[in-house]
There are 2 protein chains.
Amino acid sequence: MTRKLYSLCGADRTRPFSPHVWKTAMSLAHKQLDFEIAPVGFTEIPALEDGATRLVPLLRDGETLVKDSFEIALYLEETYPDRPPLFAGEGGRGTARFVEAWSQATLHPAIIRIIIRDIHDRLDPVDQAYFRQSREKRFGASLEAVAEGGAAALESLTEKLEPLRHMLKSQEFLGGASPLFADYIVFGAFQWARIVSPQRLLQPGDPVCDWFERCLDLHNGLGRTVTAA
Amino acid sequence: MTRKLYSLCGADRTRPFSPHVWKTAMSLAHKQLDFEIAPVGFTEIPALEDGATRLVPLLRDGETLVKDSFEIALYLEETYPDRPPLFAGEGGRGTARFVEAWSQATLHPAIIRIIIRDIHDRLDPVDQAYFRQSREKRFGASLEAVAEGGAAALESLTEKLEPLRHMLKSQEFLGGASPLFADYIVFGAFQWARIVSPQRLLQPGDPVCDWFERCLDLHNGLGRTVTAA
């Protein structure tokens, strides 16, 4: 197999958890392209492919290397135009950037606070040290202090999901009647939490929970191949 | 001219202010379709076109009547496929529903609190009575009590715009390099405030303010044909 997706893992190499890698895994499956997962820890990333990237996902597709989940989706759409579309047109590409921005600006800052201890605890010791140092620098606070905001972040999360809930009155997916890359952007955030944390971010009966379950069912249940924490 | 857009106005019939009507005005201009504005007050709407609607926009296009800004955009896209696209594909249509949901769930509840007194004060007396009664019922509070939340809503608005700001690092419009209906959805919310209220919702130097100014320039400055309050 020539297609390889470098995927962030903790001590358990069978449980890739990066939200951005999950966006790409779903994109590849959507395009009906085979790929193998190459598990890596945080501190192994800079050495991959002659220093090609500091972040995953990194995709090797034959001779081509592509990084960044959005760039990879654009690459796949252009390279495999006869496969099911990830953006379904120029408009879908443009507004997917808004969905990405909403996910990064609204969901990720809340979710990281909820699960930061769970992530740390699942890493190899060498990656734990890196994770602690880099995240404490980013937040300007100890991991423990960031985690203290977790309960409030969990409580406020449901209100942040109101736009999604509102949209789900009109259609089953962000893409419309069927999923597109825009769905995988938001899916990645919840899959990240599902895999590393036993905390429940979505409550049964919430339309967002139903949408997430529909996403877990896609592509022969690809999302379910890693069980919930 | 056969195309008529029923548009909500206050006592000054030359200043249509409904956010949803502005979405449609921009959509018609985007499709390079002529239309005339038919100004109506809140209490006149139920009598329009044999009781066709309780809400504007309502568009008469020859023999066809269409209501609801999103439905009208879909109608225009289907009816005038050779004109510039409003959604630019199926994906754009799907994710525009998310933009609409975000605007309705995040921006509108904040903006209505900021401008509710300004709207009221610009209406004809008969519409003032209707507006007070219907909004007090909707909010379960007096207009004055709702307006008391305005200062806090104005203060929190800038944070709610973070997704848009984040996206504007990648591209000039929600549609990508050029505007689509998704832009007009968000534009409508700020144009509503611009026309009825002297309060400044967007600060100079904010990329969202720059984007709004770009939208005001579109279609020969259609948005500027009504001056700021």
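How far apart do the C-alpha centres of domain 1 and domain 2 of chain A lie? Keep that in mind while we get our bearings. What you're looking at is a predicted model, so treat it as a computed picture.

Let's start with chain A on its own. Chain A is built from 9 helices and 4 strands. Walk along from the N terminus and you'll meet the elements in the order β-α-β-β-β-α-α-α-α-α-α-α-α. If you boxed in the C-alpha trace along its principal axes, the box would span about 50 × 45 × 30 Å. Is that what a compact globule would give? What radius of gyration does chain A have, next to the one for a compact globule of 229 residues? The globule would come out near 17 Å, and chain A has 17 Å, so the two agree. Inside chain A, 44% of the 229 residues count as buried. Now take the contacts in chain A between residues at least 6 apart in sequence: 69% of them join residues at least 24 apart.

Back to the opening question. The domain assignment splits chain A into domain 1, covering 3-79, and domain 2, covering 90-225. Their C-alpha centres are 18 Å apart. Where the two domains of chain A touch, domain 1 puts in 19 residues and domain 2 puts in 20. On the domain 1 side, the elements giving two or more residues are helix H1 (19-30) and helix H2 (69-79) of chain A. H1(A) gives the most, with 9 residues. That side of domain 1 is made up of 10 nonpolar, 7 polar and 2 charged residues.

Now bring in the partner. In chain B, 31 residues are in contact with 31 residues of chain A. Helix H3 (90-121) and helix H7 (162-167) of chain B each supply at least two residues to the side that touches chain A. The largest share comes from H3(B), with 15 residues. By type, the residues on this side of chain B are 15 nonpolar, 12 polar and 4 charged.

How do the two chains relate to each other? Turn chain B by 180°, with a shift of 0.0 Å along the axis, and chain B can be laid on chain A with an RMSD of 0.0 Å. The two copies are therefore related as by a two-fold rotation axis. The same surface serves both copies, as 100% of the contact residues of chain B recur in chain A. To find the axis on your screen, look for Gly92(B): of the residues of chain B, its C-alpha comes closest to the rotation axis, at 1.9 Å.

Note on methods
Residues are numbered from 1 along each chain as its sequence is written. Chains are lettered from A and ligands numbered from 1 in the order in which they are written. This is a predicted model: local features need pLDDT of at least 70, side-chain atom pairs count only at pLDDT 80 or more; totals for chains, interfaces and linings use all residues. The radius of gyration is taken over C-alpha atoms; the globule rule is 2.2 Å times the number of residues to the power 0.38. A residue is buried if 20 or more other C-beta atoms lie within 10 Å of its own, exposed if 12 or fewer, and partly exposed in between; C-beta atoms are placed from the backbone. Two residues are in contact if their C-beta atoms, placed from the backbone, lie within 7 Å. Ala, Val, Leu, Ile, Met, Phe, Trp, Tyr, Cys and Pro count as nonpolar, Asp, Glu, Lys and Arg as charged, and the others, Gly among them, as polar. Copies are superposed by least squares on the C-alpha atoms of residues with pLDDT of at least 70 in both. Domain bounds come from an automatic or database domain assignment.
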